[in-house]
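Student: I am new to this structure and would like a close look at one part of it. Could you take me through the place where the ligand sits, and then the helices?

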Amino acid sequence: MFEEVDFNKTQKIIISNPSNKDYKKVMVTKALVKGETVLKHELLTKTQSFVKNYSFDNICEALEADMEFFKQAEIWTSDYYYAFKITSKGKVLSNKKKLNTLIEAKAINKEKNYIIKEGMIIPALIDLGVMTADGKIVKSHYDKYRQINKYLEMLDSTIGYEDHLNIVDFGCGKSYLTFVVYYYLVNIRHIDVNIIGLDLKSGVIDICNKIRDKYGYKNLSFINKDIANFDEFDHIDLIMTLLACDVATDFALYHAIRLKCKYILSVPCCQKEINKQLDRSSFNLMNKYGLLKERFSALLTDSIRANILEYYGYRVNVGEFVDFDASPKNVLIKGVKTDSGKNEAIKKELDETIKKYGIHQTLYDLCFGKEND
Ligand SMILES: C[S@@+](CC[C@H](N)C(=O)[O-])C[C@H]1O[C@@H](n2cnc3c(N)ncnc32)[C@H](O)[C@@H]1O
């Protein structure tokens, strides 16, 4: 049945649609065991999970055996996507699609290594004026295009193999990023997603919903709401913020913490909250210079945010995601939820910092209550 598949290039396999009602599905993913990459085969029944590791050479045999009990198989290799279906009459239907978009993007545009290369047509971006009808990037939108590609790279390297992701883009604005992430995850990564873009501006939200309707994008919605009042999902896998102004980022991070969101990719901007309060601090040496005070406030704000995430058991990484030349708003806070408990030593440092500067910081206040009243 799987003769044409090159299993040496396997990335992921999902076997579903069981003919035996006790079974649920089979997931095959790559895993590192004693320094060697193997294929981890996990059979999920209604009550149990059975794991066995296979080499790339003998996975095919195991899958053929699985198909005694299932009617559907999907296989992702590094260059093809294959779908197999067994009909009620026992006929095997198969479908193969070259996954050239990502690979070509990486090969042709090596220097930039963009995932979404010029020429790849994302219809929503044409409607939004970022792309021309033949996939060229409109010059005035080139910085945004580069920024979104960089963000996408971060996203791509952060998420693992996922079946389904509930995602919220807080402060989505015109939703260039939201549409690109939707396109990438659905069409290239073949992940089942449910994405919400949320913004205060009703005009842009209306436009985005119209574009969504025009192209029939399922499980994508745009909502006109303050981030603080978000209550659409009670489970989120990925929270995105790209330049959500000032404390909007704090409310988004708070939802992530509250809902134990697995992945956070947050690019803050306009960190004004602490800047407005810092006159009260004694750090006059720096604070008398407006620019330095502004930069210091932004760094202090993001340090507090990153440490709060660590306190709640996130593995946190703070890095530059575009060159400073391209935009000074180039800090990306990345958080991945781990099983570790609360880190009280970090909480102590946070408390001391908040006291020392005599400040309020919204994420801190949301998580721990107000200290400096
Ligand atoms: C600088 S724009 C960024 C838009 C988009 N993420 C991008 O990068 O193109 C910031 C967006 O956040 C939205 N925003 C700010 N505060 C918000 C809040 N409290 N709730 C919802 N949206 C908010 C603004 O309306 C604006 O559209």
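Which atom of the ligand does a backbone N or O atom of I227 lie 2.9 Å from?

Tutor: Happy to help! A word on the basis first: this is a predicted model, in which local features need pLDDT of at least 70 and side-chain atom pairs count only at pLDDT 80 or more, while totals for chains, interfaces and linings use all residues. Residues are numbered from 1 along each chain as its sequence is written, and side-chain values use heavy atoms, with hydrogens and water left out.

Now to your question: the backbone N or O atom of I227 lies 2.9 Å from a nitrogen atom of the ligand. A polar contact here is a pair of N or O atoms within 3.5 Å; within protein, one must be able to donate a hydrogen and the other to accept it, and residues adjacent in sequence count only if both atoms are side-chain atoms. Oxygen atoms of the ligand take part as well: one is 2.8 Å from an N or O atom in the side chain of K144, and a polar side-chain atom of D199 lies 2.6 Å from an oxygen atom of the ligand. In total, 14 residues surround the ligand (a heavy atom within 4 Å of it), and the closest are K144, G171, D199, I227 and L242.

K144 leads us on to the helices, since K144 of helix 4 is also among the residues that meet helix 5. Helices (H or I, at least four residues) are DSSP runs, numbered from the N terminus. Helix 4 spans residues 142-158 and helix 5 residues 176-188; they pack at an angle of about 45 degrees, with their axes 10 Å apart. Axes are lines fitted to C-alpha atoms over the stretch in contact, and angles run from 0 to 180 degrees between N-to-C directions. That angle makes helix 4 oblique to helix 5; angles under 35 degrees count as roughly parallel, over 145 as roughly antiparallel, 65 to 115 as roughly perpendicular and the rest as oblique.

Along with K144, helix 4 brings I148, Y151, L152, L155 and D156 to meet Y176, L177, V180, V181, Y184 and L185 in helix 5, where contact means heavy atoms within 4.5 Å. By class, this contact of helix 4 with helix 5 has 10 nonpolar, no polar and 2 charged residues. Ala, Val, Leu, Ile, Met, Phe, Trp, Tyr, Cys and Pro count as nonpolar, Asp, Glu, Lys and Arg as charged, and the others, Gly among them, as polar.

Elsewhere, helix 7 (residues 248-258) and helix 10 cross at roughly 5 degrees, their axes coming within 11 Å, and are therefore roughly parallel to each other.

Methods
Helices (H or I, at least four residues) and strands (E, at least two) are DSSP runs, numbered from the N terminus.
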